[in-house]
Amino acid sequence: MNKRRPSPPPVVEPATVVLLVGILALVCASFYSLSIKWGELFTADAVRSSLEFLRGFTPPELAGPFLVKIAEGMLETLSMSALGTAIAFVFGIALALPASGRFGAVARPLIRLALNILRSIPELVWAVILLVAAGLGPFAGTLALAVHTTGVLGRLFADAFENLPSAPEATLRINGARPMAAFFYAALPQVSPQLMSYTLYRWENNIRAAAILGVVGAGGLGQMLKYHLSLFQMQQAASVIFAMLLMIAAVDGISFWLRRRLTGN
């Protein structure tokens, strides 16, 4: 009886070995340059100080008026993230069309460069910049989320448009349909679930980002957290952190369920 011989293992390319060695050297150099002192982290004094600090968070503040303030902060954070994502969705589609090459070869690299700039600057930096123009409060935070997310969604949408099969749209064009009509009737229905999935995923991220943006004065739960931590009111800060966790978990669950429904998985 002839036994089938197992196939030989894949040959590792020398370039792959060089790349792995380079990454390993980079990781080792990072540990050396940062002077990480693991021993001091787990000393008895460090553990005792950490436990005393954590005990200050208990019990969380559960007074009625304070819970009302937390609810208002949650609503403000949700509004910032939802409005910022909605604005980014509109501008993302508007910029994705030229970025996918639908308005010529010259516009494509220019718009993609602009999208790269928008998404390369973190939301926190955009918030600091926009706070100067828009002032303290949720408006600057909303704009910061919208600007950064426009860069992210615009790039993802452009890639989705480019990867679409061109046959349905080309068929409509051959039969006399205008470019805009062919886009709305052939291209957009194909890519809509993917666009909505990307948007919902970015909404999840913006919920977390909106909570952080408050630390620089952009409103929401983050601003409450910064206020109470700066006054060493740890029990109130614990309630705010617990509300953040609940809100993010709820949004993650809702977004995951919606994305599953949209993609049909």
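**Note on the predicted model: cores and helix packing**

1. Setting aside neighbours within four places in sequence, Met-224 makes contact with Phe-66, Lys-69, Ile-70, Gly-73 and Val-240. The model discussed here is a predicted one.

2. Met-224 also belongs to the largest nonpolar core, which has 19 residues. Ile-70, Ile-207, Leu-221, Met-224, Val-240 and Met-244 are the members with the most contacts inside this core. At least two core residues come from each of α4, α9 (179-213), α10 (220-230) and α11 (234-263). The greatest contribution is that of α11, with 9 residues.

3. A further core of 16 residues lies apart from the one just described. Its members include Ile-93, Phe-157, Leu-164 and Leu-195.

4. Helix α10 merits separate mention. Its buried residues are Gly-220, Leu-221, Gly-222, Met-224, Leu-225 and His-228. Two of these names, Leu-221 and Met-224, recur among the residues with the most contacts inside the largest nonpolar core. Just after α10, Phe-232 adopts a positive phi of about 55°.

5. The next point concerns the packing of two helices. Helix α4 spans residues 64-99 and helix α5 spans residues 107-120. Their axes are 7 Å apart, and the helices pack at an angle of about 140°. An angle over 145 degrees would count as roughly antiparallel; α4 and α5 are therefore oblique to each other.

6. Which residues form the contact of α4 with α5? On the α4 side they are Leu-95, Pro-98 and Ala-99. These meet Ala-107, Arg-108, Ile-111, Arg-112 and Leu-115 in α5. By class, the residues of this contact comprise 6 nonpolar and 2 charged, with no polar residue.

7. Leu-156 is located in helix α7, which covers residues 138-162. Is Leu-156 buried or partly exposed? Its relative accessibility is 28%, so Leu-156 counts as partly exposed, given that buried means under 20%. Along the chain, Leu-156 and Gly-92 are 64 residues apart, while their C-alpha atoms are separated by 8.7 Å.

8. A remark on annotation follows. An unreviewed UniProt entry lists residues 74-253 as "domain: ABC transmembrane type-1". In the model, this span is 84% helix and 0% strand. The C-alpha atoms at the two ends of residues 74-253 lie 17 Å apart.

Key: Residues numbered from 1 in each chain as written. Predicted model: local features only at pLDDT ≥ 70, side-chain atom pairs only at ≥ 80, totals over all residues. Heavy atoms only, no water. Axes fitted to C-alpha atoms, helices over the stretch in contact; angles between N-to-C directions. Helix = DSSP H or I, 4+ residues; strand = E, 2+ residues; numbered from the N terminus. Parallel < 35°, antiparallel > 145°, perpendicular 65-115°, else oblique. Contact = heavy atoms within 4.5 Å. Nonpolar A, V, L, I, M, F, W, Y, C, P; charged D, E, K, R; others polar. UniProt positions renumbered as here; feature names shortened; annotations may be inferred. Core = buried A, V, L, I, M, F, W, Y, C linked by side-chain atoms within 4.5 Å. Buried < 20%, exposed > 50% of the residue type's maximum accessible area, 1.4 Å probe, protein only.
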